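Please look through the structure below with its sequence to hand. The briefing that follows takes up one strand residue, one helix and the nonpolar cores.

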Amino acid sequence: MWFSKPQEGVLRELNVNPRTGLSTQEVQARLEQYGANKLKGKPKTSLISLFFAQMKDMLIYVLLVAAIITLFIGEYVDAIIILLVVLLNAAIGVFQEFKAEKAIEALQQLTTPKTLVRRDEEVKEINSEELVPGDIVIIDAGRFIPADLRLIESANLQIEESALTGESVPTEKEAQKILDDPKTPLGDQVNMAFMSTLATYGRGEGVVVGTAMETEIGKIAKILDEEIDEMTPLQKRMEELGKILGYLAIGICVLIFVIAFFQKRDLFEMFLTAISLAVAAIPEGLPAIVAIVLALGVTRMSKINAIVKKLPAVETLGSVNIICSDKTGTLTQNQMTVVKFYTLENMKELPREGSDLDADIQEKELMKTFVLCSDATYEHGQGTGDPTEIALIVLGNRFNLTKKTLNAEHKRVGENPFDSDRKLMSTLNEEDEGYRVHTKGAIDNILNLATTALVNNQVVPLTEAMKNEYLRIAEEMSDNALRVLGAAYKDVDHIINPEEMEHDLTVLGMVGMIDPPRLEVKGSIHDAKFAGITPVMITGDHKNTAVAIAKELGIADSLAQSMTGAEIDELSDEQFAQRVGELRVFARVSPEHKVKIVKAYKSQGNIVSMTGDGVNDAPSLKNADIGVAMGITGTDVSKGAADMILTDDNFTTIVHAIEEGRNIYNNIKKAVIFLLSCNLGEIVAIFFSVLFFWPIPLMPTQLLWINLITDTLPAIALGVDPGDKDVMKQKPRDPKESFFAHGAALRAVIGGILIGTLTLVAFYVGLREYGYTLGSATIPEHVLTYSRTMAFVVLAASQLFYSLSMRSATKSIFKLGIFSNKYLILAIIVGLLLQLMVISVPFLSSAFKLQMLSLRDWGIVLGLAIIPLIVREILKLLTRRSS
């Protein structure tokens, strides 16, 4: 706790004299002891490792076993096709995830290359990696802090720490201060300077107390380095489905052999039949289809300014029910803005936008003082200097009181710089025939030094009643989370010393400023809440400021819905998890608190999205189910740790991304249920043939063709189905919800039984044309080939037509628009043409043991194939009428 120790104690503990610094020998010894001032990270994940990571899936294991068995029985083409599907699935995953884990590298880039230190009684510029604990570092405006420092000197020192603490205003540092509370938040540690923050004003000196991984940035690096190997809801569903299908395939094979044993059938023939059933049970194209649908979803999302780094993250967005958002730069503009100004008994609210605004003479005098008493610049939309001063320059610009013009008219001839003890800054500028002192700073300090006030353009004595009124308005502004600055002036006839400037001042008034919310965010938060999503603000800023912004945006209703980091520390993890559901604002929090908040929400069964742009957001981005970084203002660290990056830094894009995620999940579910309906149809046809001692209506190669070629095209087309416009009117999906929820299992069973039964009917019709039945003892090979062709066409065509009804569980194909998914219509046409090709092209028909059908039989098979679609649409109609 370096901040709680006096400077002398820190220097004694680190064994260094601040006037001379460390000796070269001592630096060398400490460098060996502590190592280089450089963040360490995990070894990079190789492409091979990424590739094999894609293979860790139950469904992939089942497919690999199927490939081995098909190789064993000599079906080399089938084995190659299955292996190609596995490789395609892995390649898509590797392509999307390559270069995703860059968080630690980005943290390393944040460290500054050069720093000023005092060593061997000299000030030297060295590489920051050579710093060691005990080094005396010289700080001046514009330099990054190279390590964690306990300040030993500070002169008007201000350090911008927003990337680490979330505060939009630079922190005023006081080297002499000692902080007794061991739980003092980072943002309040005014006697410390932290690695990778930026000195914006003043100067100082500090002794290095922490380097590399022992800094606050290093702690974040350690958190980022932790493995968080949690599966997304979709990955969990797919793993469960893979296990079910795997066990189903094994169970079917065992059952076939048991039946064959009692029926005294040829066991090798039954082995081939069992392979047929295993092929029928497993939707071979499913892993590739899911990967393709997610990849297409990623492409679509990039068009709405959301770049997704990991494929499964697309779908996880659809389950999100908590959005934890950083305040500064995410919900707000990260740009201090004057929203109110006050002259005695005259309060004015400024519109958020617009220029060429008008003001009375006294208001213009107020703004003139603020602009002249500032060192910041603002031109062409870019500002340099203290954010508070930039806000004052922008205020002047809006009233046509530009800094350039005023400086030309009123040349600065003297100044008394800002001082954290006085909390004032004064300049002396030329004014008409004489000079004028312009003073800005804390209003209470100005009131103590003033003797008069400008009221209605007249200088009048400053009374106690006037002072109380100024202080009342200032308190009112503060309660509304505004940062208050007062202004005063004094006319003199000659150039005076800085010590003489701040006496007998005339009060002009004051302004209230805030980092305002982004204009579009309020509507997005309303949309999110309407969709059953709870927005939560997490910030390093002060509680009152955070709650004021949260109220304005509609995130929170009262102060009771907020909690500080110190209050979180007083609760156990269990107590905090129980309370977290009531809270909407978390203020004055550290990176560790942010992670704790995300974990508390997750422990209550929530799917949590965390948005942020600072270094301090990176650990919580990594721990959240979906980490969302800002692309423009975001640090490389936050982008490295996130699952998704917003290229427009717009909170609204998150809501659009969630809508897209919901539709993608629904589309994947449609594809899964469609494929399972098709595969169940195949199982029904094969299993009942075995059970009743009928000839097998379909061969393994024919089933594989349908599973990999015919089914795949409509399944992908369902995966890119146009989104449901009402999807955001529904509550977030329960992450534990099965693919088969809301009647999906029943629909799959009904569809499968219909498809399987009609396949057997077509097989029977083919046999009848030659005078045979399903129970005939010996059936010639050419008759079986013809009958299997009829079954093959019905199975494939019925699945193609049935895909039309899978677009919605309740809406008819006419209400949706038959041609509203052009890809699906194309898939059906191409699928039918492929069936015709495999039957009519000689080398294909002989390879798949099929033959051309008569025109009459084409009419029969297509008539049978359309029945499942008609039945499904009738069931939808009955469901709608009964509800």
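**A strand residue and its surroundings**

Leaving aside neighbours within four places in sequence, Thr-171 is in contact (heavy atoms within 4.5 Å) with Leu-157, Gln-158, Ile-159, Glu-161, Gly-187 and Val-190. This is a predicted model, in which local features need pLDDT of at least 70 and side-chain atom pairs count only at pLDDT 80 or more, while totals for chains, interfaces and linings use all residues. Residues are numbered from 1 along each chain as its sequence is written, and side-chain values use heavy atoms, with hydrogens and water left out.

**Thr-171**

- Thr-171 lies in strand E5 (residues 171–172), strands being DSSP runs of E of at least two residues and helices runs of H or I of at least four, numbered from the N terminus.
- With a relative accessibility of 9%, Thr-171 counts as buried (under 20% relative accessible area, 1.4 Å probe, protein chains only).

**Helix H15**

- Because 10 of its 12 residues are buried, H15 is largely enclosed by the rest of the structure.
- The buried residues of H15 include Glu-389 and Arg-398.
- Just after H15, Asn-400 takes a positive phi of about 60 degrees.

**Nonpolar cores**

- The largest nonpolar core (buried Ala, Val, Leu, Ile, Met, Phe, Trp, Tyr and Cys residues joined through side-chain atoms within 4.5 Å) has 140 residues, and those with the most contacts inside it are Met-301, Tyr-470, Met-644 and Ile-668.
- Helix H27 (residues 651–691) contributes the largest share of this core, 19 residues.
- Another core, of 50 residues, lies apart from it and has Ile-220, Ala-221, Leu-571 and Ala-577 among its members.
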